[in-house]
Amino acid sequence: MQNGKPGDVIKGEIKIQNNDNTDQEVKVYQTDLLYNLQDNTFYDNPGSHKRSNAPWIQFSPKSVILKAKEIRTIQYEITVPKNDTLKGTYWSVLMVEGVVPIDPNQKGDLSIRTVTRYAIQVVTEIADKGKGSLKFLEPTLIKEGTKLFLAVDLINNGDHYIAPDVSIELFDDKGVSVRVIKNPKKGLYPTTSTRFRFDLEGIPSGKTYQAMIVAAGLDNVDIGLEYTLYF
């Protein structure tokens, strides 16, 4: 993630390496990136949404042949538009993909190729403008086999990328803390959503609990949701 202001020119580089013992052709191209709490990820055409910084980016080379064990550098330059309305986080992806030729020895009408590609997120943060804003959706209980999870969904309605620490604390009907459950951080770009799953294994069932759900790390301000839980 790189900070900038309208009119700034930001330069960077990406190193790529061929770990094989044979030459490898590689192509580099742009896409956008969006995802949601249903675990759907969308790599759409560059510039497909209003927070894409793909149109700001120039990069070179777009194609290269890497010799065995060779390391090369992709140079890129971000020109932030001179627009005072810009605020918050803008992002896109540079895809690095190996070009795999079709095997002429394959038989039949259908040819199969296995392609490996790497998505490198290029993020521009407009300094000192915009704010983050998280919103909780209604938590839900999910059962998978014998396991029970509390699913907590968050949407980023703000302008900035946020990676909150999300945890829940369960209290029994006497107000005594039963357990604190933490979850690894997940990043949220503006307009995206994600799901945090909390494993309830080992917590006695057939009881009512008060769940205090907290998302920390939003401009040093914690936001929370209190939820009555029975299972």
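Three exercises with worked solutions follow, on a predicted model.

**Exercise 1.** Describe the largest pocket by its space, its lining residues and the strands that supply them.

*Solution.* Start with the space: the largest pocket holds about 380 Å³. Next, take the lining, which consists of 16 residues, with Gln17, Gln24, Val26, Gly98 and Tyr118 the closest to the pocket centre. Then sort the lining by residue class: seven are nonpolar, six polar and three charged. Finally, turn to the strands. At least two lining residues come from each of E2 (9-17), E3 (24-31), E9 (88-98) and E10 (117-126).

**Exercise 2.** Find the strands that pair with E3 in E7 and E9, and locate the residues across from lysine 27.

*Solution.* Take E7 (residues 63-66) to begin with: E3 runs antiparallel to E7, and four bridges join them. Within this pairing, lysine 27 has serine 63 as its bridge partner. Now take E9, which pairs with E3 through six bridges, also in the antiparallel sense. Here glutamate 97 is the residue opposite lysine 27.

**Exercise 3.** Place histidine 49 in the chain, decide whether histidine 49 is buried or exposed, and list its surroundings.

*Solution.* Histidine 49 belongs to the loop that connects strand E5 (41-42) with strand E6 (57-60). Its relative accessibility is 17%, and the cut-off for buried is under 20%; histidine 49 therefore counts as buried. A polar atom of the histidine 49 side chain lies 3.1 Å from the backbone nitrogen of arginine 51. With neighbours within four places in sequence set aside, the contacts of histidine 49 are Asp32, Leu33, Leu34 and Trp91.

Definitions and conventions:
Residues numbered from 1 in each chain as written. Predicted model: local features only at pLDDT ≥ 70, side-chain atom pairs only at ≥ 80, totals over all residues. Heavy atoms only, no water. 1 Å grid on protein atoms, 1.4 Å probe; cavity = no way out; pocket = protein on both sides within 12 Å on 5 of 7 lines; lining within 4 Å. Points joined across faces, edges and corners; volume = space filled by probe spheres on them. Nonpolar A, V, L, I, M, F, W, Y, C, P; charged D, E, K, R; others polar. Pairing = 2+ DSSP bridges. Buried < 20%, exposed > 50% of the residue type's maximum accessible area, 1.4 Å probe, protein only. Polar contact = N/O pair within 3.5 Å; in protein donor to acceptor, adjacent residues only side chain to side chain. Contact = heavy atoms within 4.5 Å.
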